[in-house]
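Visitor: Please take one part of this model and look at it closely. Then set it against the rest of the chain.

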Amino acid sequence: MSAAFSSVRAIRRPGSFAGEKHSPPVASSKFASDFLGCAGRLPFGALSVSIRPRSARRRGLSSVVAVSDVVKEKKLKRSSSSSDLLITKEEGLELYEDMVLGRTFEDMCAQMYYRGKMFGFVHLYNGQEAVSTGFIKLLKQEDCVVSTYRDHVHALSKGVPARAVMSELFGKTTGCCRGQGGSMHMFSKEHNLLGGFAFIGEGIPIATGAAFTSKYRREVLKESDCDHVTVAFFGDGTCNNGQFYECLNMAALWKLPIVFVVENNLWAIGMSHLRATSDPQIWKKGPAFGMPGVHVDGMDVLKVREVAKEAIGRARRGEGPTLVECETYRFRGHSLADPDELRDPAEKARYAARDPIVALKKYILENNLASEAELKAIEKKIDEIMEDSVDFADASPLPPRSQLLENVFADPKGFGIGPDGRYRCEDPKFTEGTAHV
Ligand SMILES: Cc1ncc(C[n+]2csc(CCOP(=O)(O)OP(=O)(O)O)c2C)c(N)n1
Ligand SMILES: [Mg+2]
């Protein structure tokens, strides 16, 4: 391990907000009628309560908070009898490991960012892990994932090694994009992770195209085994962007094998979802285009997983797209440059009390799926992976200067001719001040 990091790297355990003091949890029933549990209120009646069957409301166990009439409610039983459990021991441990990996990785990112190891904006995913894990752990290697700028954890869930993600963040040649993408542009052909997009909404058409590819291969090229599904993740703020509507229309029209997953964390930088959106119930936009719309508690990986199973299965069977709105929350500011002073501390505390990792741990222990020692062993393994990924990234070389103009689609000669009559791109000073390579 490099001496520069060894003494001060701290690994934070789930359940604690990064750098923030814990406020006492607020009783959830007080906010039961609030949309997504946030402080603001819906401009009209809380639909999530009104459309759920009475029995489901009484049980309070349904994975689906609100749903269009296309999707039937799943009856989820929770009991200590192993046959009724939502997950097997192996599944529980896999979910736990993936969520702890995501959380621990992001906390390490914060440390490395503030230590000057990363450049540009870095957006962390803390709090939203149940969405990534709940969906991606059900996918096959051939299935595609399209992310946003909050993409490190999606990459990890899809199987991109922590070393490759950390190195990419450090801008090193061993990164999954050879250091050319950075935090917001994770990509891996091998893992069918199609990016990482800094511009909001940009990934949605790419995902729609990937889903079209699967359908084309199966129906036109007659590759009967091509049942690949694409999952597109994006935020609530992004749903006010035109590309979202265009792609929903196209996906429904062509019955594409895609799941649109909205990670509704209630905020778009400092803009509250309730202030920015004419109808904040995003899931309702699915039925408007002729596809199921589902609203699920995104702080509960088991509920997300149940909804994901249904939506992914539907896409794989060739039955078309689904829009899933996951109620979630980010435990940190918009990016690591955001002091996060706008959001109400009471709102933050309410969601901190619903930490998805703590909830899964409780479920595993209460149902005797695994022991405390087994979970500790996973946490230790992840700590070792973190140390290793930072050491690896730190020791890796920076890209050579010659890499700078690779993958630039415009003819580099288009940069013009300098006063010495040579192409500007051939002048070593051309990139001076923009990169230190
Ligand atoms: C096309 C475009 N417009 C504006 C921005 C600036 N911008 C960066 S993040 C963001 C908010 C997105 O919020 P949301 O979709 O809810 O995602 P979250 O950050 O909450 O995950 C905006 C408007 C951008 N990146 N791209
Ligand atoms: Mg958001």
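Guide: Start with a pair of valines: V261 stands opposite V324, and V324 belongs to strand β8. The model is predicted. V261's side of the pairing is strand β4, residues 258-264, which runs parallel to β8 and is joined to β8 by six bridges.

β8 has another partner. Strand β7, residues 293-297, also runs parallel to β8, with five bridges between the two. Here V296 is the residue to find: its bridge partner in β8 is C326. So much for the pairing.

Now the connection. β7 leads into a β-α-β unit with helix α12 and β8, and the unit is right-handed. The helix spans residues 301-316.

Next, the cover over β8. The strand takes in residues 322-327, and six of its six residues are buried. In a regular strand, side chains point alternately to the two faces of the sheet. In β8, T322, V324 and C326 lie on one side, and these residues are buried. L323, E325 and E327 lie on the other side, and they are buried as well. Both faces are therefore covered, with the two glutamates, E325 and E327, included among the buried residues. V324 and C326, the bridge partners named above, sit on one side together.

For scale, turn to the whole chain. The protein chain has 437 residues, and 45% of them count as buried. Its inventory is 15 helices and eight strands. Among contacts between residues at least 6 apart in sequence, 73% join residues at least 24 apart.

Burial is also found in a loop. V160 lies between α6 (152-157) and α7 (162-170). Why does V160 count as buried? Because 23 other C-beta atoms lie within 10 Å, and the cut-off is 20 or more. Setting aside neighbours within four places in sequence, V160 is in contact with A155, V165, C176, M186, S188, H191 and L193. Take C176 from that list: V160 and C176 are 16 residues apart along the chain, and their C-alpha atoms are separated by 7.9 Å.

Last, the ligand. There are 14 residues around ligand 1, and F199, G235, G237, T238 and A268 come nearest. The shell around ligand 1 is mixed in character: six residues are nonpolar, five are polar and three are charged.

Key:
Residues are numbered from 1 along each chain as its sequence is written. Chains are lettered from A and ligands numbered from 1 in the order in which they are written. This is a predicted model: local features need pLDDT of at least 70, side-chain atom pairs count only at pLDDT 80 or more; totals for chains, interfaces and linings use all residues. A residue is buried if 20 or more other C-beta atoms lie within 10 Å of its own, exposed if 12 or fewer, and partly exposed in between; C-beta atoms are placed from the backbone. Helices (H or I, at least four residues) and strands (E, at least two) are DSSP runs, numbered from the N terminus. Two strands pair if DSSP finds at least two bridges between them. A crossover is right-handed if, with the strands pointing away from the viewer, the path from the first strand over the helix to the second runs clockwise. Two residues are in contact if their C-beta atoms, placed from the backbone, lie within 7 Å. A residue is near a molecule or strand if its C-beta atom, placed from the backbone, lies within 6 Å of it. Ala, Val, Leu, Ile, Met, Phe, Trp, Tyr, Cys and Pro count as nonpolar, Asp, Glu, Lys and Arg as charged, and the others, Gly among them, as polar.
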